[in-house]
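Notebook open, coffee poured. I want to go through this one piece by piece and jot down what I look up.

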Amino acid sequence: MLFRSGPDYYDRAVTSLQRASALSPRDPFLAYWIFNQAVAEFIQGNYPGCVTYSLESLRRDPDFLSTASLLTAAYAHLGEQDKAEQMLEECVRLDPLFSVGRRRERISPVWKRSEDLERCLDGLAMAGARVE
């Protein structure tokens, strides 16, 4: 849903995800829905919004690697290097083989626009992730 593009698409996606989250606050997949809100904010370049949603997603599921890696990239793009490096350590804890290349393999099929994918991967590299 969020990996498509078009006018107002991300705003509509976030609105739909917020509504779904409000209607089902005990949903076992709520961390995933909140993660998707973080992705929408990241794609729009709203890194503070991405951080907010990512932290909420991780609060609900601390072992969600996709959220941890997105938060790492967002912190790096915000210039918050210490936080980016701390989150990168968490990513490596969750996946000892964590690297930019490994993330590319795992997430590239779901990103609609290559420039968004590259911005995310660049953030991981800026945080200090191994590049393979």
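**Aromatic pairs**

I searched the whole structure for aromatic pairs and got five. Note to self: this is a predicted model.

I looked at Y32 and W33 to begin with. Their rings make an edge-to-face pair, with 5.2 Å centre to centre and 70° between the planes. How buried or exposed are the two residues? Y32 comes out partly exposed, at a relative accessible area of 39%. W33 is also in the partly exposed class, at 32% relative accessibility.

Then I checked Y32 against F35. The ring centres sit 6.4 Å apart. The planes are at 40°, which falls between the 30 and 60 degree cut-offs, so I wrote this pair down as tilted. Y32 and F35 are three residues apart in helix α2, so about one helical turn separates them. F35 has 10% relative accessibility, and because the cut-off for buried is under 20%, I log F35 as buried.

Which residues do the ring pairs link up? I get a cluster of Y32, W33, F35 and F64.

**Overall layout**

I stepped back for the whole chain. I count seven helices and zero strands. Reading from the N terminus, the elements go α-α-α-α-α-α-α. The protein has 132 residues, and 46% of them count as buried. I also pulled the contacts between residues at least 6 apart in sequence: 59% of these join residues at least 24 apart.

**α2 against α4**

F35 turns up again here, so I followed helix α2 to its contact with helix α4. Helix α2 covers residues 30-43 and helix α4 covers residues 65-77. Their axes come within 10 Å and cross at roughly 30°. Angles under 35 degrees count as roughly parallel, so α2 is roughly parallel to α4. I noted the crossing of α2 and α4 as left-handed.

Who makes the contact? On the α2 side I have F35, A38, V39 and F42. On the α4 side I have S66, T67, L70, A73, A74 and H77. Sorted by class, the residues of the α2 and α4 contact are seven nonpolar, three polar and no charged.

**α4 against α5**

Next I took α4 with helix α5, residues 81-94. The axes of α4 and α5 come within 8 Å and cross at roughly 160°. Anything over 145 degrees counts as roughly antiparallel, so that is how α4 runs relative to α5. The crossing of α4 and α5 is left-handed.

From α4, the contact uses L65, A68, S69, L71, T72, Y75 and A76. From α5, the contact uses K83, A84, M87, L88, C91 and L94. By class I get ten nonpolar, two polar and one charged for the contact of α4 with α5.

**A closer look at S69**

S69 is on that contact list, so I looked it up on its own. S69 lies in helix α4. Is S69 buried or exposed? Its relative accessible area is 4%, so S69 is buried.

What does S69 touch, leaving aside neighbours within four places in sequence? I find contacts with C91, F98, R103 and L124. C91 is also among the α5 residues in the contact with α4.

**Two C-alpha distances**

I finished with a couple of spot checks on residues that are apart along the chain.

P48 is in helix α3, residues 47-60. At 47% relative accessibility, P48 counts as partly exposed. Its partner for the check was A74, 26 residues apart from P48 along the chain, and the two C-alpha atoms are separated by 7.7 Å. A74 is one of the α4 residues in the contact with α2.

V92 sits in helix α5. The relative accessible area of V92 is 36%, so I put V92 down as partly exposed. I paired V92 with L65, 27 residues apart along the chain, and their C-alpha atoms are separated by 9.2 Å. L65 is among the α4 residues that make the contact with α5.

How values were computed:
Residues numbered from 1 in each chain as written. Predicted model: local features only at pLDDT ≥ 70, side-chain atom pairs only at ≥ 80, totals over all residues. Heavy atoms only, no water. Axes fitted to C-alpha atoms, helices over the stretch in contact; angles between N-to-C directions. Helix = DSSP H or I, 4+ residues; strand = E, 2+ residues; numbered from the N terminus. Parallel < 35°, antiparallel > 145°, perpendicular 65-115°, else oblique. Left-handed = near helix turned anticlockwise from the far one by under 90°. Contact = heavy atoms within 4.5 Å. Nonpolar A, V, L, I, M, F, W, Y, C, P; charged D, E, K, R; others polar. Phe/Tyr/Trp six-rings, centres within 6.5 Å; stacked < 30°, edge-to-face > 60°. Buried < 20%, exposed > 50% of the residue type's maximum accessible area, 1.4 Å probe, protein only.
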